[in-house]
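Visitor: I'd like a close look at one thing only, please: the charged side chains and how they pair up. Take it slowly.

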Amino acid sequence: FRLRDGDSGIDAIRAVQSIKPEVTAALITGDTAPDRIRDAQAAGVPLLYKPVSIDALLDLLQPLSRAA
């Protein structure tokens with residue numbers, strides 16, 4: 001969620017999707033601060049918490065990929 005130099009995963013997702021709007025994305029974080037959760041919800045970005053199993057990741061991304 002939080003990247004180097006004050007950037008965020010939401011910023012990174014928006015940058016990629018500005019070039020390739022069909023890209024499916026989710027945030028994976030260990031940060032459980034309520035304001036971060038609200039930011040992800042407001043951005044409409046799915047959120048998973050570390051540690052993430054491959055099954056949980058696939059369960060999240062497969063339906064999103066089909067919808068795109």
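**The salt bridges**

Guide: Let's start with Asp-31, which counts as buried at 12% relative accessibility (buried is under 20% relative accessible area, exposed over 50%, partly exposed in between, with a 1.4 Å probe and protein chains only). This is a predicted model, with local features needing pLDDT of at least 70, side-chain atom pairs 80 or more, and totals for chains, interfaces and linings using all residues. Numbering runs from 1 along each chain as its sequence is written, and side-chain values use heavy atoms, leaving out hydrogens and water.

Now look across from Asp-31 to Arg-36: their side chains meet in a salt bridge, N to O at 3.0 Å (that is, a side-chain nitrogen of Lys or Arg within 4 Å of a carboxyl oxygen of Asp or Glu). So Asp-31 is a buried partner, while Arg-36 is partly exposed, its relative accessible area being 22%.

Arg-36 has another partner, too. Asp-35 forms a salt bridge with Arg-36, and here the closest N and O atoms are 3.5 Å apart. With 36% relative accessibility, Asp-35 counts as partly exposed. Shared partners then join Asp-31, Asp-35 and Arg-36 into one network of salt bridges.

Elsewhere in the sequence, find Lys-20 and Glu-22, whose side chains meet in a salt bridge with an N to O distance of 3.1 Å. Lys-20 is partly exposed, at a relative accessible area of 42%, and Glu-22 also counts as partly exposed, at 44%. That completes the tour: the count comes to three salt bridges.
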